[in-house]
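Good morning, colleagues. I should like to take a few minutes to present one structure. Please look at the sequence and the model as they appear.

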Amino acid sequence: MAVERTLTILKPDCVRKNLIGEVTRRIQEAGFRIVAMKMTRLTKDTAGGFYAVHKERPFFDELVEFMSSGPCVPMILEKENAIKDFREFIGATDPSEAEEGTIRADFADSVGENIIHGSDSVENGKKEAAYFFSEAEVVANKA
Ligand code: RTP
Ligand code: MG
C-alpha cells in the first residue's frame, strides 16, 4: 500500500471541549504520523474557501460560521493508505451514524459540529494541505 498524506482539522468544537490532546493521542496511537501542525483561527473567507465545494448546499453558511467561530488545529498526517484509513478512524459525518469507537461517535454533538475533518481523496488531501501549510512548514520535507 502506498504512503499517503491526509489533511485533518481539529474543528473549533474539538478545541472548545479541550479535546486537542485526547484526539491527537488517538491519531498517533492509530499510526498516523504528524508531519505538520498549527493552531489558527479561520476567517469566514478562509473557511468558505476551504469548503467551497459545498457552496450551494443549504448548510454552507452555518458551516462557515462554525468553522470560523474559534481556533482550530489543522495537521498533515502521513501513513500507508492514510486517506481511507483516516475517514474510517473519524467515522461518519453524522455522529449518530458513526461506528462505535470512532472520533465522531465518541465526541461529536451533531452533523454540523462533528469535531474533525478528513480529506476525501489523495488529490484533495494535497490541495487541502497546501491550503494551510507552506512547504517549509512540513517537517518531513526538511533536511
Ligand atoms: P469533512 O469534510 O469536514 O471531513 O466532513 P465529511 O467529508 O464527513 O462531510 P461533508 O459532506 O464534506 O461535509 C462537510 C462538513 O459540513 C458540515 N455538514 N453539515 N447540517 C448538515 O446537514 C451538514 N452536513 C454537513 C459538517 O461539519 C461536515 O463535516
Ligand atoms: Mg468532506
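I shall speak about the annotated domain, then the nonpolar core, and finally the annotated active site.

Please bear in mind that this is a predicted model. An unreviewed UniProt entry carries the annotation "domain: Nucleoside diphosphate kinase-like" for residues 3-140. Across residues 3-140, helix accounts for 40% of the chain and strand for 17%. The C-alpha atoms at the two ends of that range are 13 Å apart.

Let me turn to the core. In soluble globular proteins, nonpolar side chains tend to be buried together. Here the largest nonpolar core comprises 29 residues, and the members that touch the most others are L77, F86, I103 and I116. Two or more residues each are given to this core by β1 (3-10), α2 (20-29), α3 (44-50), α4 (60-67), β3 (73-80), α5 (82-90), α6 (103-107) and α7 (122-132). Of these, α5 supplies the largest share, with five residues.

What does F86 touch, if residues up to four places away in sequence are not counted? Its partners are T6, T8, F32, L77 and G118.

I come now to H117, to which the unreviewed UniProt entry assigns the annotation "active site". H117 sits in strand β4, residues 116-118. Is H117 buried or exposed? H117 counts as buried, because it has 21 C-beta neighbours inside 10 Å and the threshold is 20 or more. Leaving aside residues within four places in sequence, H117 is in contact with T8, I9 and K11. T8 therefore appears twice in this account: F86 touches it, and H117 is in contact with it.

Terms used: Residues are numbered from 1 along each chain as its sequence is written. Chains are lettered from A and ligands numbered from 1 in the order in which they are written. This is a predicted model: local features need pLDDT of at least 70, side-chain atom pairs count only at pLDDT 80 or more; totals for chains, interfaces and linings use all residues. UniProt positions are given in the numbering used here, feature names are shortened, and annotations may be inferred rather than shown by experiment. Helices (H or I, at least four residues) and strands (E, at least two) are DSSP runs, numbered from the N terminus. A nonpolar core is a set of buried Ala, Val, Leu, Ile, Met, Phe, Trp, Tyr and Cys residues joined through C-beta atoms within 7 Å. A residue is buried if 20 or more other C-beta atoms lie within 10 Å of its own, exposed if 12 or fewer, and partly exposed in between; C-beta atoms are placed from the backbone. Two residues are in contact if their C-beta atoms, placed from the backbone, lie within 7 Å.
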